[in-house]
Amino acid sequence: MRLFRAELYKLYSSKFVRWMLLIVLILNLVSLYYVCQETGIPTKDYINLMALYREDPEFIESEYKRLNTALYNYVEALEAGDETATFIPEFNYVSDHDYMDWSLLAAFFEKREEVGQYEERIYSYIAQAENNKNRLLVLGGDKVYSYQYQDKIIKVYQDLLSRIEIEFDYIHGWDILFSYNSDALLIFISVLVLASLAIPMENASGMDVVLSVSSKGRFQTAIAKIAATSFVSGMTAILVRLESFAAIGLLRGYSDSRRPVQLIGKLELCPYALSHI
């Protein structure tokens, strides 16, 4: 334990290591700032619309139908050659006037439809797996790995559908957190740098000669170096990931963490009944 604490102290007392950690945290923040920049309809507009939808979904649906009908009639009139046709955009639900209410409502209900079709899509995957099983049964029987894999897919997703309830909600924050991977690259670079410092620190100071003839200068010291480097690397990974979590929360906010991860597009096929946390 003394050797471990000594190696840990050497790593943390190194100015190079401290500067490296600081630079990694700064680079991660800069990357997160750009990743969290909004290029479309502001997230807060979706959040506000979701709150109104929960209070009175029929009213929000009627608003969308009204605007959709007005826009459709306008397009029809233009195609018929009516140059007097007009469409007056409304800005009751959007804060950015580069967009209009219809744009927000259309994107909102498109997402609702996508969520509503979740079970249908999963059943289509199950049906495809059944078809694959029938073909594999003819080609190689039910003992081959591919057949058993398709059978496992069917059982897993049938069980999943019985365990989760997909309810429409606007997911924000979590989608960025689960898709953000720049911090993983920074962590990997940090681990490489920390690992490369363990032995050269002794070579630079001339202690390698002394350690090579000491009773605990070889195997025990090597184990202590590996343990200390692993510990610092792990703490660095946790620190950077916590920074990512906090920064995304401040810049974009998080939706209800109790929602199933399947509401996030890239995790739609996750076979486990998990919430965001």
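This passage describes how helix H5 packs against two other helices, and where empty space is left in the model. The structure is a predicted model, in which local features need pLDDT of at least 70, side-chain atom pairs count only at pLDDT 80 or more, and totals for chains, interfaces and linings use all residues. Residues are numbered from 1 along each chain as its sequence is written, and side-chain values use heavy atoms, without hydrogens and water.

Two packed helices are described by the angle between their axes and the distance between the axes. Helices (H or I, at least four residues) are DSSP runs, numbered from the N terminus. Axes are lines fitted to C-alpha atoms over the stretch in contact, and angles run from 0 to 180 degrees between N-to-C directions.

Helix H3 (residues 43–55) packs on helix H5 (residues 101–116) at about 65 degrees, with the axes 11 Å apart. H3 is therefore roughly perpendicular to H5 (65 to 115 degrees). Their crossing is right-handed (the near helix is turned clockwise from the far one by less than a right angle). In the contact (heavy atoms within 4.5 Å), H3 supplies Asp45, Tyr46, Leu49, Met50 and Tyr53. H5 supplies Leu104, Leu105, Ala107, Phe108, Phe109 and Arg112. Nine of these residues are nonpolar, none is polar and two are charged. Here Ala, Val, Leu, Ile, Met, Phe, Trp, Tyr, Cys and Pro count as nonpolar, Asp, Glu, Lys and Arg as charged, and the others, Gly among them, as polar.

Helix H4 (residues 57–79) also meets H5. Their axes come within 10 Å and cross at roughly 120 degrees. This makes H4 oblique to H5. The contact includes Tyr64, Leu67 and Leu71 of H4, and Trp102, Leu105 and Phe109 of H5. By class, it has eight nonpolar, one polar and four charged residues.

Empty space was searched on a 1 Å grid over the protein atoms alone. A cavity is a set of points where a 1.4 Å probe fits but cannot get out; a pocket is an open set with protein on both sides within 12 Å along at least five of seven lines; lining residues have an atom within 4 Å of a point. A volume is the space filled by probe spheres set on the points.

The largest pocket has a volume of about 320 Å³. Of its 17 lining residues, Thr43, Tyr170, Ile171, Asp175 and Arg252 lie nearest its centre. The whole structure holds two cavities of 30 Å³ or more. The largest cavity encloses about 80 Å³. H5 gives the largest share of its lining, three residues.

Terms used: Angles under 35 degrees count as roughly parallel, over 145 as roughly antiparallel, 65 to 115 as roughly perpendicular and the rest as oblique.
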